[in-house]
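Okay, thanks everyone, let's get going. I'll put the model up and walk you through it.

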Amino acid sequence: MSRTDNTAGTAAGAVASVVLHTVPALRDRHEPRIRPVRPADAGALQDFLSRLSARSRYLRFFRPLLELPSWLLTQLVEADGVRTQVLVAVARDAGGLRIVGLAQTAREADDCCEFALVVADDWQGRGLGRRLLDALLASARAAGVVYMRGDVLRENRAMLRLARTLGFAVSPSPLDATALRVGRALDRVPRRGALRSEPYAALSA
Ligand SMILES: CC(C)(COP(=O)(O)OP(=O)(O)OC[C@H]1O[C@@H](n2cnc3c(N)ncnc32)[C@H](O)[C@@H]1OP(=O)(O)O)[C@@H](O)C(=O)NCCC(=O)NCCS
């Protein structure tokens with residue numbers, strides 16, 4: 001992490017304004033900026049999770065998680081960008097700067113990774129999930145991953161639709177009868193109209 005990543009003193013729930021570049025306005029809000037997580041985001045991540053509806057928490061974690069256990073929080077904010085990649089979407093709204101999306105991968109084998117993502121309830125349905133997943137695909141591809149997969153609850157129509165839109169195949173999960181497995185190779189040319197994203201390192205700039 002560079003010196004500028006150290007935003008010590010940032011209040012929990014806030015993200016230092018230095019992380020945001022100029023971004024196009026979206027009515028009364030700002031277009032979120034997607035960037036790799038930083039250690040100073042720990043408080044903001046807990047705040048993000050605590051604001052999620054019980055439904056979103058359940059769909060993301062498959063259980064009604066109320067707060068991130070400290071080991072998981074540490075794992076998230078200390079993502080090395082290779083074995084684990086964690087992207088956050090940061091937006092400005094009436095309450096200031098806050099995290100409104102979280103997407104992550106974890107390597108399972110040298111060339112395969114698992115992924116998951118979640119978008120703040122008041123940002124869902126606005127295209128952010130697609131942008132985050134697209135960014136995650138680009139980051140993982142740049143890190144040498146050739147196959148990405150994730151388990152999605154069968155009832156999660158939004159995530160299944162998003163995955164299908166971005167070229168994931170859907171099959172039964174071998175781990176959980178209530179879930180489906182979505183997976184795709186990363187060596188294919190992006191679908192026509194797919195968003196283009198920077199790899200992980202470039203997003204930090
Ligand atoms: C799933 C999730 C990440 C999608 O993010 P989002 O920002 O709402 O999605 P987008 O606005 O980018 O929409 C992406 C696609 O999903 C579809 N979609 C979004 N919400 C939907 C809904 N409620 N029902 C059906 N489809 C939906 C959209 O139609 C869009 O497809 P289209 O572009 O072909 O129309 C978000 O809803 C979320 O965080 N859910 C709770 C946590 C979760 O389910 N995580 C997934 C576990 S891996």
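I'll take the sheet to begin with, then the helix on it, then the ligand.

One reminder before that: this is a predicted model.

So, the sheet. We have 7 strands in an open sheet, and the order reads 3-4-5-6-7-9-8, with mixed pairing. Look at the edges: strand 3, residues 33-36, and strand 8, residues 169-172, each have a single partner strand, so one side of each has no neighbour in the sheet. On average, neighbouring strands are turned by 30° against each other, ignoring direction.

Now zoom in on strands 7 and 9. Strand 7 covers residues 147-153 and strand 9 covers 179-185; they run antiparallel, and 7 bridges join them. If you want one pair to click on, take valine 152, whose bridge partner in strand 9 is leucine 180.

What packs on this sheet? That's helix 4, residues 128-142. Helix 4 touches strands 3, 4, 5, 6 and 7, and its direction makes about 40° with that of strand 5.

Okay, on to the ligand. There are 23 residues around it, and the ones that come nearest are Leu59, Gln124, Gly129, Arg130 and Ala158. Where does the shell come from? The elements giving two or more residues are helix 2 (54-61), strand 6, helix 4, strand 7 and helix 5 (157-165). And which of them has the largest share? Helix 5, with 6 residues. By class, the shell has 10 nonpolar, 8 polar and 5 charged residues.

Note that helix 4 turns up twice here: helix 4 packs on the sheet, and helix 4 also gives residues to the ligand shell.

That's my bit, thanks.

Conventions: Residues are numbered from 1 along each chain as its sequence is written. This is a predicted model: local features need pLDDT of at least 70, side-chain atom pairs count only at pLDDT 80 or more; totals for chains, interfaces and linings use all residues. Two strands pair if DSSP finds at least two bridges between them. Helices (H or I, at least four residues) and strands (E, at least two) are DSSP runs, numbered from the N terminus. Axes are lines fitted to C-alpha atoms, for helices over the stretch in contact, and angles run from 0 to 180 degrees between N-to-C directions. Two residues are in contact if their C-beta atoms, placed from the backbone, lie within 7 Å. A residue is near a molecule or strand if its C-beta atom, placed from the backbone, lies within 6 Å of it. Ala, Val, Leu, Ile, Met, Phe, Trp, Tyr, Cys and Pro count as nonpolar, Asp, Glu, Lys and Arg as charged, and the others, Gly among them, as polar.
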